[in-house]
Amino acid sequence: MDTSDMITPLKVIFAGVPDVGKSTLIGSLLQHTGSVFDDQRQSDLAHYTDGLQSEQAEGRTIDVSYRTVILPNGYRTILIDTPGHTELLTNFVSGVSGADLVLALCSTETMYGSSIHVRIARDFNVPVIRVLTKADSIRREAATYLQSRFAVDSVSGTGVPRLISFLEHAALLQGQQRRAYLEEFTDG
Ligand SMILES: Nc1nc2c(ncn2[C@@H]2O[C@H](COP(=O)(O)OP(=O)(O)OP(=O)(O)O)[C@@H](O)[C@H]2O)c(=O)[nH]1
Ligand SMILES: [Mg+2]
């Protein structure tokens, strides 16, 4: 039996400026949790959520999209991809309401560029946790400098299992316990 049947799934929204790696990280999480069948595997990790022809041609997310993942501990999480481009910010707003958690992605290229998304998330009273992407190419100190709780390289998979463990723990908690756990990791 799916142990998450009686539990509200953890809803995680991925936020950040264009090209920071939101769609690619979701693709990496899908692959690392065994959520894709062999005949569905994509060579470009972003294509699991960027399904539209125009999204793949332009290499950018347009539609908010949702992917349900059964985590290794049997609990369920819903990963929500959003567009980074500011002209599509209304799509981000529609996704953030009702989310348990915002993962605010940053990289050494973008620095604090996702602050507009962070501000919106705070307006909706959703906990925000910073994740450094493209982390293989930088020194460990940069993660500290950028105040990110997690550092991943979605392409090589570095740091992704640790992020999955964190999501597993959050997903098995409910209500206020889940909220309190997430707030422990919240930045500032
Ligand atoms: N090496 C490396 N490349 C990455 C990583 N994350 C993303 N990329 C690359 O960065 C580019 C942009 O990644 P996307 O996942 O499409 O970025 P996005 O944040 O979804 O962009 P928008 O949908 O336009 O907002 C792609 O070429 C990815 O392969 C990473 O962790 N490591
Ligand atoms: Mg994208």
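What pattern of helices and strands does the chain follow, read along the sequence? The pattern is β-α-α-β-β-α-β-α-β-α-β-α-α. The structure shown is a predicted model. The legends below go from the whole chain to its parts.

**View 1. The whole chain has seven helices and six strands.** Read along the sequence, the pattern starts with β and ends with α-α. The chain has 188 residues, and buried residues make up 41% of them. Now consider contacts with a separation of 6 or more positions. Residues 24 or more positions apart account for 64% of these contacts in the chain.

**View 2. Six strands form one open sheet.** Their order in the sheet is 2-3-1-4-5-6. The pairing is mixed. Strand 2 (65–70) and strand 6 (150–151) are the edge strands. Each of these two pairs on one side only. Helix 1 packs on the sheet. The strands that helix 1 touches are strand 1, strand 2, strand 3 (76–81) and strand 4. The direction of helix 1 makes about 155 degrees with that of strand 3.

**View 3. Strand 2 and strand 3 form a hairpin.** The two strands pair in the antiparallel sense. Six bridges link them. Serine 65 stands opposite aspartate 81 of strand 3. Five residues lie between the two strands. In the turn, look for glycine 74, which has a positive phi of about 95 degrees.

**View 4. Strand 4 (residues 101–106) is largely enclosed by the rest of the structure.** Why can we say this of strand 4? Six of its six residues are buried, so the rest of the structure largely encloses the strand. The side chains can be followed on both faces. Leu101, Leu103 and Leu105 point one way from strand 4. Val102, Ala104 and Cys106 point the other way. All of these residues are buried.

**View 5. Strand 4 pairs with strand 1 and with strand 5.** Which sense does the pairing with strand 1 take, parallel or antiparallel? Strand 1 (residues 10–15) pairs with strand 4 in the parallel sense, over four bridges. Isoleucine 13 has valine 102 of strand 4 as its bridge partner. Strand 5 (residues 128–132) also runs parallel to strand 4, and five bridges join these two. Valine 102 stands opposite valine 128 of strand 5. Leucine 105 has valine 131 as its bridge partner in strand 5. For cysteine 106, the partner in strand 5 is leucine 132.

**View 6. Strand 5 is mostly covered.** How many of its five residues are buried? Five of the five are. Both faces of strand 5 are covered. Val128, Arg130 and Leu132 lie on one side, and Ile129 and Val131 lie on the other. Strand 5 also pairs with strand 6. These two strands run parallel, and two bridges join them. Here leucine 132 stands opposite alanine 151 of strand 6.

**View 7. Phenylalanine 124 sits in a loop just before strand 5 in the view of the chain: the loop between helix 4 (115–123) and strand 5.** Is phenylalanine 124 buried, exposed or partly exposed? Phenylalanine 124 has 13 other C-beta atoms within 10 Å. A residue counts as buried at 20 or more and exposed at 12 or fewer, so a residue in between is partly exposed. Phenylalanine 124 is therefore partly exposed. Leaving out residues up to four places away in sequence, phenylalanine 124 touches Val96 and Ser97. Valine 93 is 31 residues from phenylalanine 124 along the chain, and their C-alpha atoms are separated by 9.1 Å.

**View 8. Helix 1 (residues 22–32) and helix 6 (residues 160–172) pack against each other.** Their axes are 10 Å apart and make an angle of about 80 degrees. The two helices are therefore roughly perpendicular to each other. Helix 1 brings Ser28, Leu29 and His32 to the contact. Helix 6 brings Val160, Pro161 and Ile164. By class, this contact has four nonpolar, two polar and no charged residues.

**View 9. Ligand 1 has 20 residues around it.** Which of them come nearest? They are Gly21, Thr24, Arg60, Thr61 and Gly84. By class, the shell around ligand 1 has six nonpolar, nine polar and five charged residues.

Note on methods: Residues are numbered from 1 along each chain as its sequence is written. Chains are lettered from A and ligands numbered from 1 in the order in which they are written. This is a predicted model: local features need pLDDT of at least 70, side-chain atom pairs count only at pLDDT 80 or more; totals for chains, interfaces and linings use all residues. Two strands pair if DSSP finds at least two bridges between them. A residue is near a molecule or strand if its C-beta atom, placed from the backbone, lies within 6 Å of it. Ala, Val, Leu, Ile, Met, Phe, Trp, Tyr, Cys and Pro count as nonpolar, Asp, Glu, Lys and Arg as charged, and the others, Gly among them, as polar. Axes are lines fitted to C-alpha atoms, for helices over the stretch in contact, and angles run from 0 to 180 degrees between N-to-C directions. Angles under 35 degrees count as roughly parallel, over 145 as roughly antiparallel, 65 to 115 as roughly perpendicular and the rest as oblique. Two residues are in contact if their C-beta atoms, placed from the backbone, lie within 7 Å.
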